[in-house]
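Colleague: I've got this one open in the viewer and would like a close look at one small part of it. Could you walk me through that spot and then set it in its wider surroundings?

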Amino acid sequence: MENKRLIDEFLELVQINSLSFKEGNVAKVLIKKLEEIGFSVYVDDAGEKLGGETGNIIATLKGTKKRKTVMFSSHMDTVSPGEGVKPIIDEENGIIKSDGTTVLGSDDKAGICAILEGIRVIKENNIEHSDIQVVFSICEEGGLRGAKNLDYSKISADMAFVLDSGGAPGEIITKAPAQDSIKVKIKGKPAHAGLQPENGISAIMVASRAIENMNLLRIDEETTANIGIVKGGIATNIVMPELEIVAEARSLNEEKLEKQTNHMVETFKKAGEDFGAEVEIEVVRSYSPINIDENDEIVQIAKKAFANMSVESNIASTGGGSDTNILNKNGIKAVNLGVGMTNAHTLEEYIKIEDLVNSAKMVTEIIKAI
Ligand SMILES: [Zn+2]
């Protein structure tokens with residue numbers, strides 16, 4: 001393991017702008033790096049479908065032994081403000097951070113670097129390995145759209161390790177919630193608020209009646225719900241004719257999710273009826289849950305890898321969604337692994353150099369454990 005090479009590569013990659021839909025430049029660099037390692041690289045058509053600069057990168061490395069094909073995956077896009085990142089090595093604290101004006105982009109370039117370096121070590125030391133696939137996805141942030149549009153006909157992997165979680169290496173995420181996105185449009189009736197308010201139907205009053213009667217935020221240990229966006233209104237002298245609400249519900253348990261979503265839908269409808277307002281509701285299942293048994297082979301492989309590097313493994317669940325949800329939904333058993341990204345999606349994002357190094361070791365050890 002060459003730590004300097006790993007750190008330099010991380011610094012290089014975080015300085016290449018790659019907001020969602022704008023991953024073209026980083027993709028070019030990554031394709032070259034993968035080919036140098038010996039991968040054959042394919043770029044799918046997800047970019048054309050989504051209107052982005054590039055598709056997902058799907059790279060395959062022929063194995064030297066016949067075992068199950070393993071996939072490693074991380075996403076190329078980063079959140080805003082994420083352009084012009086100036087990474088700073090803070091030697092005293094052993095971390096890499098941004099200069100405080102942007103995110104760092106360790107989410108998810110730490111995962112990308114760990115995959116590249118971990119596989120390089122396998123090749124350089126002539127370690128036997130099975131077929132390996134690497135997927136670097138686009139548009140993970142805000143919708144998992146790259147993974148949803150991945151060309152699954154090109155995927156031969158039996159299992160996938162997604163490197164896109166915040167815990168230190170050792171963390172294995174085996175459970176993650178399903179999510180419903182709930183869009184509501186309440187159509188009341190405008191009226192002059194001073195002259196004839198009694199002729200109007202106030203959309204905000206319908207919404208507030210509904211929300212007052214709704215179970216929200218923490219529902220139980222597996223289930224959450226939130227009203228995220230409310231938009232409406234024209235002027236103070238007009239009874240609010242229309243209001244749009246975007247809400248979500250999540251649960252590790254699909255039955256509970258269905259129950260919570262139905263409760264929210266019914267409560268909006270009931271309030272609409274009470275006031276005589278029209279309520280349009282659209283529910284979309286954003287992603288399915290992950291629920292992998294601790295005794296499953298994929299978890300055992302990860303645990304063996306961590307044992308070999310004397311790192312304690314820690315099986316965990318998350319409240320967030322990731323490409324892992326989409327891979328599982330498409331029949332590829334996948335877990336999400338911690339790479340140590342901290343305070344992701346904030347200007348205070350940083351990563352410990354030790355975690356970056358251990359993440360790369362983790363990839364090497366997983367390949368050895370198969
Ligand atoms: Zn991420």
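Is G100 buried or exposed, and how many other C-beta atoms lie within 10 Å? Take that glycine as the starting point and work outwards from there.

Modeller: Sure, and keep in mind that this is a predicted model. G100 is exposed, because just 10 other C-beta atoms lie within 10 Å, and the cut-off for exposed is 12 or fewer. The residue sits in the loop between β5 and α4. What you won't get from the sequence is its partner in space: E348 is 248 residues away along the chain, yet the two C-alpha atoms are 6.4 Å apart.

Pairings across long stretches of sequence turn up elsewhere too. Among contacts in the chain between residues at least 6 apart in sequence, 76% join residues at least 24 apart.

Now look at the elements around that loop. Both β5 (95-97) and α4 (106-124) help cover the buried residues of α1, and the cover also includes α2 (24-37) and α10 (353-369). The residues of α1 that get buried are L6, E9, F10, L13 and V14. Down the helix axis they fall within an arc of 125°, so they line one face of α1. On the face turned away from that buried side you find the exposed residues K4 and D8. The geometry of α1 (residues 3-14) checks out as well: twelve residues at 1.5 Å each should span 16 Å, and the end C-alpha atoms are 17 Å apart, which agrees.

Helix α4 deserves a second look. The peptide bond from D107 to D108 is cis, with omega near 15°, and D108 is placed in α4 itself. There is another cis bond between S80 and P81, with omega about -10°; P81 belongs to the loop between β3 (70-75) and β4 (88-90). As background, most residues other than glycine have a negative phi, and most peptide bonds are trans. On the phi side, N343 has a positive value of about 55° without being a glycine. N343 lies in the loop between β16 (333-338) and β17 (350-352), and it is partly exposed, with 16 other C-beta atoms within 10 Å. L144 also has a positive phi of about 55° and is not a glycine. That leucine sits in the loop between β6 (132-137) and α5 (145-148), but it is buried, with 24 other C-beta atoms within 10 Å.

From α4 you can step into the core. The largest nonpolar core has 99 residues, and A114 and I366 touch the most other members. The element that gives the most to this core is α4, with eight residues. Domain 1 (3-176 + 289-369) and domain 2 (178-287) both supply residues, so the core lies between them. If you want to see what I366 packs against beyond its neighbours within four places in sequence, its contacts are V70, F161, I301, A302 and A305.

As for the two domains, their centres, taken over C-alpha atoms, are separated by 37 Å. Ten residues from domain 1 and eight residues from domain 2 make up the contact. On the domain 1 side, helix α9 (residues 323-329) has the largest share, three residues. By class, that side has three nonpolar, five polar and two charged residues.

For a counterpart to α1, try α7 (residues 254-275). Its 22 residues should span 32 Å at 1.5 Å a residue, and the end C-alpha atoms are 32 Å apart, which agrees. L257, Q260, T261, M264, F268, A271 and G272 are its buried residues. They fall within an arc of 110° seen down the axis, so they line one face of α7. E255, E273 and D274 are the exposed residues on the face turned away. Cover for the buried side includes α6 (203-212) and several strands, among them β9 (178-187) and β13 (278-287). After α7 comes G276, with a positive phi near 75°.

Zooming right out, the chain has ten helices and 17 strands, its C-alpha trace spans about 80 × 45 × 40 Å along the principal axes, and 47% of its 370 residues count as buried. G100, where you started, is exposed.

Notes
Residues numbered from 1 in each chain as written. Predicted model: local features only at pLDDT ≥ 70, side-chain atom pairs only at ≥ 80, totals over all residues. Domains from an automatic or database assignment. Contact = placed C-beta atoms within 7 Å. Helix = DSSP H or I, 4+ residues; strand = E, 2+ residues; numbered from the N terminus. Nonpolar A, V, L, I, M, F, W, Y, C, P; charged D, E, K, R; others polar. Buried ≥ 20, exposed ≤ 12 C-beta atoms within 10 Å, placed from the backbone. Expected span 1.5 Å × (residues − 1). Arc of directions from axis to C-beta. Core = buried A, V, L, I, M, F, W, Y, C linked by C-beta atoms within 7 Å.
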